[in-house]
Amino acid sequence: MAEEGLLTLLEPDLDPGFIVTPYVADLAEHALTYLKADLPIHFCGPAGTGKTALAMHVAAKLKRPIVLLHGDDEFKTADLVGAEYGFRLKRLRDQYIHSVTKVQEDVVKRWVDNRLTIACKHGFTLVYDEFTRSRPEANNTLLSILEEKLLDLPAGSEEDNYLAVHPEFRAIFTSNPEEYAGIHKAQDALKDRLVTIQVGHFDKETEVAITKSRSGITLADAQKIVDLVRSFRDEGQHNKPPSIRESIKIAKILKAKGTHPSKKDPFFKKVCLHVLTGQQHVVDAKRVKASQPGQLLEVLIEKHS
C-alpha cells in the first residue's frame, strides 16, 4: 500500500555541508525556475561533477518530500510503478444464529505501489539518479507522466487504469554522457520532455571550497591540491579526467596523515601517484616520474606545492 511506501521518503532538509558558491547558486536558481514552470530538469555530466548532490539540493529547495530512485539495468516498469506482491486474506465470520457459524474466506493478490507511483500520487519530488542506467522500456512509463500528466497503471492495481499526476509532482534526472560504459541511450521522446543542463567540472572557487569543507584541511592546502588536480586534468593525459573527488581524496589522506602538500614530501608524491595515475606503486618517490603521467605529475607538484 502507499502508506508503506511512504517510509522510503526523504525529508527535504538542506545539507549544511553543501557548498553554495556563485556558480552553484546560479545553477540552482535556473533549475528551480524550470521546475516552478512545471518542466522536469536533467543534470548531465561526467562522474564526479556533483550532479546528484546538486539534484538533492534543488529538490530540498522545493520543500516537498523527496523520492530517490537509482537507475538499474535490471529495472522493469513494475519496479517503478508497482505490482502485485503476495496475497491478502479476507475472512468473514457470520454468527447471526449463535449455534451456527459461517466462515467465508477470500484470498486475493495484494497490490503494492512503488516509488514512482507514490511520487505521482502525493505530489512529491522525484530524483531519478543515473536514469540512463535503466532500460528505455522501463522508463517508457515516464512519457505520459511528464507530458499528459497521467500515470498508466497495469491491470491489478487498486486504482483506476490511469492515475492523474498530482499538480505538485516535480522530477529531476541525472545522467552521465552517453559514451560512458554501462548505460543505455535515452529515448528521444523522453529527452524532449526534459530541460537538460550540461554540468561540467566546477570552477576553481567551488572546488577549493568543497575540498576544504569535505576534508577539514586549511584553505591554503586546499588551493594547492585543487590547482594541482585541475592542471593535471587540463593536460588531458588520462583515460578518466580527475574530478573534485580526486581533490577530496588527496586532501583526506593528507589530513589523516597530519601532513601538507609539499614537493619535498615523498608521501605526498606517492599519494598523487595513486590517486591521479594508473602507474604501479613505487617505494622510492624518485621513481614517480618513470612514466609519462608520472613525469607530468612531477612537474605539476613542483609547480603547485
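A nonpolar core is a set of buried Ala, Val, Leu, Ile, Met, Phe, Trp, Tyr and Cys residues joined through side-chain atoms within 4.5 Å. Keep that in mind, and keep in mind too that the model on your screen is predicted.

**Stop 1: the whole chain**

Start with everything in cartoon view. The protein chain has 305 residues, and 44% of them count as buried. Its secondary structure comes to 13 helices and 9 strands. Now think about contacts between residues with a separation of 6 or more: 70% of those in the protein chain are between residues 24 or more positions apart.

**Stop 2: the largest core**

Select Leu-116, Leu-126, Tyr-128, Ile-145, Leu-146, Phe-169 and Phe-173, and show their side chains. These are the residues with the most contacts inside the largest nonpolar core, which has 29 residues. Which elements give two or more residues to this core? They are strand E2 (66-70), helix H4 (77-81), helix H5 (115-122), strand E5 (125-129), helix H7 (141-147) and strand E8 (170-175). Colour them one by one to see how they come together around your selection.

Here is some background for the view: in soluble globular proteins, nonpolar side chains tend to be buried together.

There is also a second, separate core of 24 residues, and Phe-43, Ala-59, Val-127 and Ile-248 are among its members. Give those four another colour.

**Stop 3: Phe-169 and a cavity**

Go back to Phe-169 and leave out residues up to four places away in sequence. What does Phe-169 touch? Its partners are Asp-38, Ala-119, Cys-120, Gly-123, Phe-124, Leu-126, Ile-145 and Leu-146.

Phe-169 also helps to line the largest cavity, together with Leu-35, Asp-38, Leu-39, Pro-40, Leu-146, Lys-149, Arg-170 and Ala-171. This cavity has a volume of about 60 Å³, and the structure holds just 1 cavity of 30 Å³ or more. Sort the lining by class and you get 6 nonpolar, no polar and 3 charged residues.

**Stop 4: two lysines with positive phi**

Stay with Lys-149 from the cavity lining. You'll find Lys-149 in the loop between H7 and strand E6 (150-152). Its phi is near 60°, a positive value in a residue other than glycine.

Now jump to Lys-63, in the loop between H3 and E2. Phi of Lys-63 is near 60° as well, again positive in a residue that isn't glycine. Are these two lysines buried or exposed? Lys-63 has a relative accessible area of 68%, so it counts as exposed. Lys-149 has 27%, so it counts as partly exposed.

**Stop 5: aromatic rings**

Searching the whole structure turns up 4 aromatic pairs. Select Tyr-23 and Phe-202 for an edge-to-face pair, with 6.0 Å centre to centre and 90° between the planes. The two residues are 179 apart in the chain: Tyr-23 sits in helix H2 (residues 22-36), while Phe-202 is in the loop between strand E9 (195-198) and helix H9 (204-215). Phe-202 counts as buried because its relative accessibility is 10%, whereas Tyr-23, at 27%, counts as partly exposed.

Next, pick Tyr-128, Phe-131 and Phe-173, which form one aromatic cluster.

**Stop 6: the largest pocket**

Turn on the surface and centre on Thr-49, Gly-50, Ala-53, Ile-244 and Arg-245. Those residues lie nearest the centre of the largest pocket, which has 18 lining residues. About 360 Å³ of space lies in this pocket. Its lining has 10 nonpolar, 4 polar and 4 charged residues.

Which helices each supply at least two residues of the lining? They are helix H3 (51-61), H9 and helix H11 (244-257). H3 gives the most, with 4 residues.

**Stop 7: far in sequence, together in space**

Select Leu-228 in helix H10 (residues 219-235). Leu-228 is buried, because its relative accessible area is 2% and the cut-off for buried is under 20%. Setting aside neighbours within four places in sequence, Leu-228 is in contact with Phe-268, Cys-272, Leu-297, Leu-300, Ile-301 and His-304. Ile-301 is 73 residues from Leu-228 along the chain, yet their C-alpha atoms are separated by 6.6 Å.

Finish with Lys-76, in the loop between E2 and H4. Lys-76 is exposed, with a relative accessible area of 55%. Lys-76 and Ala-138 are 62 residues apart in sequence, but 4.8 Å apart in space, C-alpha to C-alpha.

Methods: Residues numbered from 1 in each chain as written. Predicted model: local features only at pLDDT ≥ 70, side-chain atom pairs only at ≥ 80, totals over all residues. Heavy atoms only, no water. Buried < 20%, exposed > 50% of the residue type's maximum accessible area, 1.4 Å probe, protein only. Contact = heavy atoms within 4.5 Å. 1 Å grid on protein atoms, 1.4 Å probe; cavity = no way out; pocket = protein on both sides within 12 Å on 5 of 7 lines; lining within 4 Å. Points joined across faces, edges and corners; volume = space filled by probe spheres on them. Nonpolar A, V, L, I, M, F, W, Y, C, P; charged D, E, K, R; others polar. Phe/Tyr/Trp six-rings, centres within 6.5 Å; stacked < 30°, edge-to-face > 60°.
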